[in-house]
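Q: I am new to this structure and would be grateful for a close look at one part of it. Please begin with a single residue and then describe the elements that surround it.
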Amino acid sequence: MLLCPLIFFTPLLNRVLMLWKPGNVYILFFQDNEGFRAISLEHEFSNTHLSAFPSASACYCQRLKTLADQLRNVGAPLHNSRLVLQLVSGLTEAYNGIGTLIRQSNPLPAFYQARSMLILEEIGFAKQA
């Protein structure tokens with residue numbers, strides 16, 4: 001009686017045994033979930049705002065960059081313009097001036113330049129206080 005289920009599962013078992021090497025199980029699991037992971041990361045990226053990072057804009061920029069890197073790792077890379085536009089769209093009202101300056105740049109600055117502009121603006125705020 002025990003042999004009947006083995007007959008049906010033998011092809012599957014052979015495939016699993018052929019692929020079984022250290023690390024392969026994780027790769028197969030990761031590849032199966034790339035689409036879901038990309039959707040989840042894209043949602044988190046699109047809903048990241050500076051207001052969630054009250055301590056510093058550097059943390060906000062780092063979070064956006066980390067999410068963009070994770071999206072690239074699952075096969076859904078973001079262009080620099082998308083990264084910069086999300087950076088600007090997530091700013092609070094206090095940063096409207098620098099946001100407008102970045103948006104009106106032609107071409108859009110690189111993400112690292114936009115981040116530097118934002119951090120310099122924050123340093124200016126700290127000096128005024």
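Where in the chain is the place of Thr-48?

A: The model described here is a predicted one. Thr-48 lies in the loop that joins helix H3 (34–46) to helix H4. The loop belongs to a chain whose secondary structure consists of 7 helices and 0 strands. Read from the N terminus, the order of the elements is α-α-α-α-α-α-α. Of the chain's 129 residues, 22% count as buried. Among contacts between residues at least 6 apart in sequence, 62% link residues at least 24 apart.

Thr-48 itself has a relative accessibility of 6% and therefore counts as buried, the cut-off for that class being under 20%. Leaving aside residues up to four places away in sequence, Thr-48 touches Phe-53, Tyr-60, Arg-63, Leu-64, Leu-67, Gln-86 and Gly-90.

One of these partners, Gln-86, is found in helix H5. Gln-86 has a relative accessible area of 5% and so is buried. Again with residues up to four places away left out, Gln-86 touches Phe-45, Ser-46, Thr-48, Tyr-60 and Leu-64. Tyr-60 and Leu-64 are thus among the residues touched by Thr-48 and among those touched by Gln-86.

The two helices on either side of the loop come next. The axes of H3 and H4 approach to within 10 Å and cross at roughly 160 degrees. That angle makes H3 roughly antiparallel to H4, since angles over 145 degrees fall in this class. The crossing of H3 past H4 is left-handed. On the H3 side, the contact involves Arg-37, Ala-38, Leu-41, Glu-42, Glu-44 and Phe-45, and on the H4 side Arg-63, Leu-64, Leu-67, Ala-68, Gln-70 and Leu-71. Sorted by class, these residues comprise 7 nonpolar, 1 polar and 4 charged. Several names recur from the loop: Arg-63, Leu-64 and Leu-67 of H4, which meet H3, are also touched by Thr-48. Phe-45 of H3 takes part in the contact with H4 and is touched by Gln-86 as well.

Helix H4 (residues 57–73) also packs against helix H7, at an angle of about 160 degrees and with the axes 9 Å apart. H4 is therefore roughly antiparallel to H7. The crossing of H4 past H7 is right-handed. From H4 the contact draws on Ser-57, Ala-58, Tyr-60, Cys-61 and Lys-65, and from H7 on Phe-111, Tyr-112, Arg-115, Leu-118, Ile-119 and Glu-122. These residues divide into 7 nonpolar, 1 polar and 3 charged. Tyr-60 links this contact to the loop, as it belongs to the H4 side here and is touched by Thr-48.

H5, the helix that holds Gln-86, likewise meets H7. Their axes come within 9 Å and cross at roughly 20 degrees, and that angle makes H5 roughly parallel to H7. H5 passes H7 in a right-handed crossing. Asn-80, Leu-83, Val-84 and Leu-87 of H5 are in contact with Phe-111, Ala-114, Arg-115 and Leu-118 of H7. By class, this contact contains 6 nonpolar, 1 polar and 1 charged residues. Phe-111, Arg-115 and Leu-118 of H7 thus meet H5 and also take part in the contact with H4.

Helix H6 (residues 96–103) completes this part of the picture. Its buried residues are Ile-98, Gly-99 and Ile-102. Viewed down the axis of H6, they fall within an arc of 105 degrees, so they line one face of the helix. An α-helix has 3.6 residues a turn, so residues three or four places apart point the same way. The buried residues of H6 pack against helix H5 (80–89) and helix H7 (111–128).

The loop between H6 and H7 contains Pro-107. The peptide bond from Asn-106 to Pro-107 is cis, with omega near 0 degrees. In general, most peptide bonds are trans. Ala-110 is placed in the loop between H6 and H7 too. With a relative accessibility of 33%, Ala-110 counts as partly exposed. Although Ala-110 and Asn-80 are 30 residues apart in sequence, their C-alpha atoms are 6.4 Å apart in space. Apart from residues up to four places away in sequence, Ala-110 touches Asn-80 and Val-84, and these two residues of H5 also meet H7.

How values were computed
Residues numbered from 1 in each chain as written. Predicted model: local features only at pLDDT ≥ 70, side-chain atom pairs only at ≥ 80, totals over all residues. Heavy atoms only, no water. Buried < 20%, exposed > 50% of the residue type's maximum accessible area, 1.4 Å probe, protein only. Helix = DSSP H or I, 4+ residues; strand = E, 2+ residues; numbered from the N terminus. Arc of directions from axis to C-beta. Contact = heavy atoms within 4.5 Å. Axes fitted to C-alpha atoms, helices over the stretch in contact; angles between N-to-C directions. Parallel < 35°, antiparallel > 145°, perpendicular 65-115°, else oblique. Left-handed = near helix turned anticlockwise from the far one by under 90°. Nonpolar A, V, L, I, M, F, W, Y, C, P; charged D, E, K, R; others polar.
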